[in-house]
Amino acid sequence: MHSDIDILDANTWGPGCHERFRWLRQHDPVHWDAKNAIWAVSKYADVVYASKHHEIFCSGEGTRPNMPTKLSIVDMDEPRHGQLRSLINRGFKPRRVGEITDHFRAFTIETLDKLAPKGECDFVRDIAVPMPIEVIADLIGIPKTDRNKLHHWSDTMIASDGNYDDLETMQNAANAFAEYVAYIEDTIEARRKDPKDDLVSVLVHARDGGLLGAADVRDAAKLPSEHATEMAKDELTMFLVTLLIAGNETTRNALTGGMSQLIENPAEKRKLIDDPALIPSAVEEIVRHVSPVQNFARTATRDTELRGRPIEKGQKILLMYPSANRDEEVFTDPDAFKVDRDPNPHVGFGIGNHFCLGANLARMEIRVMLEEILKRMPDIAYADGPPKLHPSLLVRSFTHMPVRFTPKA
Ligand code: HEM
């Protein structure tokens, strides 16, 4: 029935996607999409297997199907990938994450206190959009006054996803990219001269040597080993581009998708109000059920097979996270949203060597948002029906979600 599915069409991932994906899991779990020349991998076990065998299914040939650009660390292979990850991890130290959490809670409370007396808002515009930007800006070290620009660049870049035929959108995305890169390069220079307690400073000063000249390191994998603990300027810039997209659009849709599930499942929401200790478990269920990041690709490094299907060297496979996360072989009653689901071994943050670097920050954001909202707006409900999905191949994307609640001073 769905054997002619166009797996790279953003609409395939829109309304009705779970019914299509169930069909694939049951009838054609490693499906050859001839139009796009890519294998659609829909079963949990296969997504896990391919992710954990990066020597067979690599990221270095690009992880966004259809997009020639390589997004920094996500599109790298070992050993450089692991070296960069350990460098970047220095910017995610517990003390720093603790500070970011404190700032984030203060920002959340301030935002909600302004909204609470109104009795209504657009959850996306007023809550889900500003919150993740605040965290990324805090992490990178971008001043408050520049945060609107950051929002604009991030939005414009992501709008190109799945809209490759729309020249205007693509041109706008290219412009936003260039502006953000210029801004980031200025920030890198500034932190180099005058380090602060932010991620850019940590990465720039990861070693006394500081940055290498961009021209020296076109191929970062060929860096002499004594420079393995440095981050080349190109790498750093591209990493900060990745971070903006990875940290914003994903968490935004997790917040909106999660709140929409709580609105649609009042008994589940009640459980969290009665027992806030369940919130961390609800966070995992949100990431599983919503699966805000829908897919990443890998490329076969040699002839191999998956579930008996022959995969040729150089062919691409698409890891379908929302499908893996509803695989009935792993999750009982997979379409149901249960805040106390246990066990919940979802792959919403990926798995293996590219496991989401921001997973703990994202979990923190969703948890703090739920804690503070359920205290202030326990009767939050749709003001205008369920949110509509904006077509996107990469993220499950909601653009508006009008909500209402009993106003509180
Ligand atoms: C609910 C929110 C989020 C979801 C669902 C999510 C999902 C994912 C997934 C599925 C991957 C795996 C990519 C792969 O295997 O090819 C990934 C990687 C990554 N994520 Fe997230 N992410 C979220 C939030 C964040 C945040 C807040 C940040 C940054 C602060 C972030 C930064 C990254 C980075 C840098 C990578 C690349 C890691 C690597 O290649 O080693 N993510 N994310």
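This passage describes one helix, the iron site and the largest pocket of a predicted model.

Local features rest on a pLDDT of at least 70 and side-chain atom pairs on 80 or more, while totals for chains, interfaces and linings use all residues. Residues are numbered from 1 along each chain as its sequence is written, and side-chain values use heavy atoms, with hydrogens and water left out.

Helix α6 spans residues 130–140 (helices are DSSP runs of H or I, at least four residues, numbered from the N terminus). Of its 11 residues, 10 are buried (under 20% relative accessible area, 1.4 Å probe, protein chains only). The helix is therefore largely enclosed by the rest of the structure. Among the buried residues are Met131, Pro132, Glu134 and Asp138. Gly141 follows just after α6 and takes a positive phi of about 100°.

The ligand iron has a single protein donor (N, O or S within 2.8 Å of the metal; water is not among the atoms, so sites may look incomplete). This donor is Cys356 (SG), 2.3 Å away. Cys356 sits in the loop between α13 (321–324) and α14 (359–376).

The largest pocket holds about 420 Å³ of space. A pocket is an open set of points on a 1 Å grid over the protein atoms alone, where a 1.4 Å probe fits, with protein on both sides within 12 Å along at least five of seven lines; lining residues have an atom within 4 Å of a point. The volume is the space filled by probe spheres set on the points. The lining comprises 20 residues, with Met67, Thr69, Met157, Ser160 and Phe177 nearest the centre. α8 (167–193) is among the helices that supply at least two of them. α8 gives the most, with 4 residues.

Technical notes:
Buried < 20%, exposed > 50% of the residue type's maximum accessible area, 1.4 Å probe, protein only. Helix = DSSP H or I, 4+ residues; strand = E, 2+ residues; numbered from the N terminus. Donors = N, O, S within 2.8 Å, 3.2 Å for Na, K, Ca; no water.
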